[in-house]
Amino acid sequence: MMARFPIYRSRRLRRSERLRALVRETSIAPDDLIAPLFVTHQPGRHPVAAMPGVEQLSVEAAAEEAARLEDLGVGALLLFGIPEQKDARGSGAYAADGIVQRGVEAIKERVRDLIVVTDVCLCEYTDHGHCGLLTPEGEVDNDATLELLARSALSHAQAGADMVAPSDMMDGRVSAIRKALDGAGFSHLPIMSYAVKYASAFYGPFREAAGSAPQFGDRRGYQMDPANADEGLREARLDIEEGADIIMVKPALPYLDIISRVKRETGYPVAAYHVSGEYSMLKAAAERGWIDEERVLMESMLSIRRAGADLIITYYAAQLAANLGG
Ligand code: PBG
C-alpha cells in the first residue's frame, strides 16, 4: 500500500526534529557498543600512533579504563593482550598468568557488571605473527592449533571472562572451544565467533596496536576473500552448528551486505567490528578538518545498525557513549 503525491508527501514527517525522532527506525545506545582494549605488561599508557586516542594500557590502567567505560554505559569491552615474550607456540596466550588473564582479573575486580569479552587468537603471542602453529613447511597447521585455542579460551574463562571471541579463523575452533568450556563447568559462557572475517587491509593500524603483524606472508590462507559473500553465509552457519552464540562480521562498513544477509538468514545476534582502519580513516580526515567527525561517525554507526547488526565493536565506543549522554 502506497499513496502518491499529492496525497502522500514525504516531507510532512521531516519538518522538525521531534517528528523525525518519532518515526526514526534505527538508534544507537551505549549498551550496543563493545570497546576494544589493549593490555600490556609495561606500566602506564602508550599511545598507538596510527590510532589517535587509542592506547596500550598497563593492567592497572586497563582496570581504570574499564570502570570509565562502565560509567559511560558501554555494554562490554573486548580485551587483547601484548605479551612480554613471544614464541613459536604462542604460549603467552594460554598461560595462567598471561597478560589477558591478569587483565581480566584486575578488570573484574574493578567493575560491577560490565561484560568482559576476550579475544582468543595466537597471533599476538607467536614470534612468527600467524594465528596458529606452523608446520615445518611454514603453513598454518589447523588441527594442531585447535587444542591451543581451546586452552586459551578456557584460561580466559578461569580468569573470570564473561565471554570469549575466537578470531583466528581455524576450521573447527568453535566446536573445540565449546567442548573445552563445557567440560570444565563453563557451559553457560557464550562464544562470540569472528565467523565472517575477511583478509582485510583495514586491519593495518591494529597490527601496530597489538604488535601482531605476520613476519612473513599474509593471512589469506585462513581469512576470507573479500570477493565472497555466499561463503560468508556458510561460515556463519558452520559456527552456529558448532555452538557460536553471537556471529561477528568483520570489517563493518565495506561489508554491510554481509551483515544484512547474515542477520536475515540466520536470525542470530550479529556483531559488526568497525575495525582499526575504519577508525583511523575517520580520525585522519577529521584531524585535517575534511569531515565533521561526530556526524560522519553517527552516520557510519547508524548504517551498521540499519544493515542488521545488533552490536558494534568500535574504538569509538567511549566517545560515542559520551556523546549519547551515557
Ligand atoms: C587477531 C585480530 C585482528 C583483529 C582482531 N583480532 C588482526 C588480524 O586478523 O590481523 C583486527 C582488529 C582491527 O583491525 O581493529 N587475529
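**Exercise 1. Helices α3 and α4**

Describe how the axes of helix α3 (residues 99-110) and helix α4 (residues 142-159) are placed in this predicted model, and state which residues make the contact.

*Solution.* Step 1: the axes of α3 and α4 come within 8 Å and cross at roughly 25°. Step 2: angles under 35 degrees count as roughly parallel, and α3 is therefore roughly parallel to α4. Step 3: the handedness of this crossing is right-handed. Step 4: on the α3 side the contact is formed by V100, Q101, V104 and E105, and on the α4 side by S155, H156 and A159. Step 5: sorted by class, the contact of α3 with α4 has 3 nonpolar, 3 polar and 1 charged residues.

**Exercise 2. Helices α7 and α8**

Carry out the analysis for helix α7 (residues 230-242) and helix α8 (residues 256-266).

*Solution.* Step 1: the two axes come within 10 Å, with a crossing angle of roughly 45°. Step 2: this angle makes α7 oblique to α8. Step 3: α7 and α8 cross in a right-handed sense. Step 4: α7 contributes D230, L233, A236, R237 and I240 to the contact, while α8 contributes R261, V262, E265 and T266. Step 5: the classes in the contact of α7 with α8 are 4 nonpolar, 1 polar and 4 charged residues.

**Exercise 3. Two residues of strand β5**

Determine whether T118 is buried or exposed, do likewise for V120, and list the contacts that each makes beyond its neighbours within four places in sequence.

*Solution.* Step 1: T118 is located in strand β5, and V120 lies in the strand as well, which spans residues 115-120. Step 2: T118 has 0% relative accessibility and so counts as buried; V120, at 0%, is likewise buried. Step 3: outside its sequence neighbours within four places, T118 is in contact with L78, L79, V100, V104, H156, A161, M163, V164 and A165. Among these partners, V100 and V104 belong to the α3 side of the contact in Exercise 1, and H156 to the α4 side. Step 4: with the same exclusion, V120 touches L149, S152, A153, H156, V164, A165, P166, S167, D168 and I177. Step 5: V120 and S193 are 73 residues apart along the chain, and their C-alpha atoms are separated by 9.6 Å.

**Exercise 4. The cysteines C121 and C131**

Explain why C121 and C131 are not joined by a disulfide.

*Solution.* Step 1: a disulfide is a covalent bond between the sulfur atoms of two cysteines. Step 2: the closest cysteine sulfur to that of C121 is in C131, at 3.6 Å, which is too far for a bond; the cut-off applied is 2.5 Å. Step 3: seen from the other side, C131 is in no disulfide, and its nearest cysteine sulfur is that of C121. Step 4: a search of the whole structure gives 0 disulfides. Step 5: C121 is buried at 2% relative accessibility, and C131 is buried with a relative accessible area of 1%.

**Exercise 5. Backbone geometry**

Locate the cis peptide bonds at P6 and P251, and characterise the phi angle of M169.

*Solution.* Step 1: most residues other than glycine have a negative phi, and most peptide bonds are trans. Step 2: F5 and P6 are joined by a cis peptide bond with omega of about 5°; P6 lies in the segment before α1 (17-22). Step 3: K250 and P251 are also joined in cis, with omega of about -10°, and P251 is in the loop between β8 (246-250) and α8. Step 4: M169 is not a glycine, yet has a positive phi of about 70°. Step 5: M169 sits in the loop between β6 (163-166) and α5 (173-183) and counts as buried at 7% relative accessibility.

Conventions: Residues are numbered from 1 along each chain as its sequence is written. This is a predicted model: local features need pLDDT of at least 70, side-chain atom pairs count only at pLDDT 80 or more; totals for chains, interfaces and linings use all residues. Side-chain values use heavy atoms; hydrogens and water are left out. Axes are lines fitted to C-alpha atoms, for helices over the stretch in contact, and angles run from 0 to 180 degrees between N-to-C directions. Helices (H or I, at least four residues) and strands (E, at least two) are DSSP runs, numbered from the N terminus. Angles under 35 degrees count as roughly parallel, over 145 as roughly antiparallel, 65 to 115 as roughly perpendicular and the rest as oblique. A crossing is left-handed if the near helix is turned anticlockwise from the far one by less than a right angle, and right-handed if clockwise. Contact means heavy atoms within 4.5 Å. Ala, Val, Leu, Ile, Met, Phe, Trp, Tyr, Cys and Pro count as nonpolar, Asp, Glu, Lys and Arg as charged, and the others, Gly among them, as polar. Buried means under 20% relative accessible area, exposed over 50%, partly exposed in between (1.4 Å probe, protein chains only).
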